[in-house]
Amino acid sequence: MAQGFFLLFAAASVIAALTVVLARNPVHSALALMACFLQISAIFVLLEAPLLAVIQIFVYVGAIMVLFVFVIMMIDVREAVLQRFLPGGNLPALVLLVLLGVEMLVLVLWSDRFSVTEPVAMRSGDQIRQLSTTLFTDYLLPFEAASVILLVAVVGAIVLAQKEPR
Amino acid sequence: MVPLWWPIVLGVVLFVIGAAGVLLRRNILVVLMSLELLLNSVNINFIAFGHYYGDLRGQIFAIFVIAITAAEVAVALGILVALVRNKSTLKVDDVTMMKG
């Protein structure tokens, strides 16, 4: 049952990711990316990380993709639609990608460590409560650093998108 | 249950597709979207390892990756808007202000 669902979501996410790269129109790429993120959040549910699935939908589909679509609507993409994608002469990059993929697949499939079938039982108790306790005790400093980074990013985005340079 | 190498292989496939988008496409918007794809494949790996080894740190690192991604997208799209306003191009090859 879980295997069937995993295969379904994985196939859908791979097809959506291919559409992101191959689509000529950036709007189609953005919509395919949204579909891919939804499939990945379903895979998070299968991996028993419900909080991460919700964060994935809120942050990626709700915030980041809206930002992308907003920017696509704000700037003129007609010229980008007209041009050919994958112009010739990219053979080295393609060879490099094939090598990278083959290497990673061989390493993953060769090793015995990845053949675990049954997950180790989590410590008893509410998993999300444990997650938040760990996040706000052991990882409090990285959490605060992430909030500072987000604040700096907001200020930077406002300064960059200003109309007249100062 | 799903074996551990299934999500890992899914992460590999999505990573290669995202890297293909970064390396092969010339449109800056699509390059940014492919970067999101790369970060998501890494998140799948984190959560799969955390699930199969009974460790919550995988999910915590995935949360941090998502937060940093949100900051990155905000800054990158700000740079993109400023770029389109100044040079009115979306092709990465035309952006050679730093002579890269």
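The accessible surface of chain A comes to about 10400 Å². Carbon and sulfur atoms hold 73% of that surface. These values come from a predicted model. Of the 166 residues in chain A, 33% are buried.

Next, the fold. Chain A is built from seven helices and has zero strands. Along the sequence the pattern reads α-α-α-α-α-α-α. Contacts also link distant parts of the chain. Among contacts in chain A with a separation of 6 or more, 54% join residues 24 or more positions apart.

Now turn to the partner, chain B. In chain A, 83 residues are in contact with chain B, which contributes 71 residues of its own. Together the two chains bury about 7100 Å² between them. Carbon and sulfur atoms give 80% of this buried area. Three residues of chain A lose the most area to chain B: Leu47(A), Phe68(A) and Leu97(A). Together they account for 9% of what the chain A side buries.

Which elements of chain A give two or more residues to the side that touches chain B? They are α1 (2-22), α2 (26-46), α3 (50-74), α4 (78-82), α5 (91-110), α6 (127-137) and α7 (140-160). The largest share comes from α1(A), with twelve residues. By residue type, the chain A side divides into 62 nonpolar, 13 polar and eight charged residues.

What links of a polar kind cross this interface? The rule finds zero salt bridges between chain A and chain B. It does find five residue pairs in polar contact, with both residues at pLDDT 80 or more.

Terms used: Residues numbered from 1 in each chain as written. Chains lettered and ligands numbered in written order. Predicted model: local features only at pLDDT ≥ 70, side-chain atom pairs only at ≥ 80, totals over all residues. Heavy atoms only, no water. Helix = DSSP H or I, 4+ residues; strand = E, 2+ residues; numbered from the N terminus. Buried < 20%, exposed > 50% of the residue type's maximum accessible area, 1.4 Å probe, protein only. Contact = heavy atoms within 4.5 Å. Areas by Shrake-Rupley, 256 points an atom, 1.4 Å probe, with all protein chains shown as cover. Buried area = accessible area lost by both parts, 1.4 Å probe. Salt bridge = Lys/Arg side-chain N within 4 Å of Asp/Glu carboxyl O. Polar contact = N/O pair within 3.5 Å; in protein donor to acceptor, adjacent residues only side chain to side chain. Nonpolar A, V, L, I, M, F, W, Y, C, P; charged D, E, K, R; others polar.
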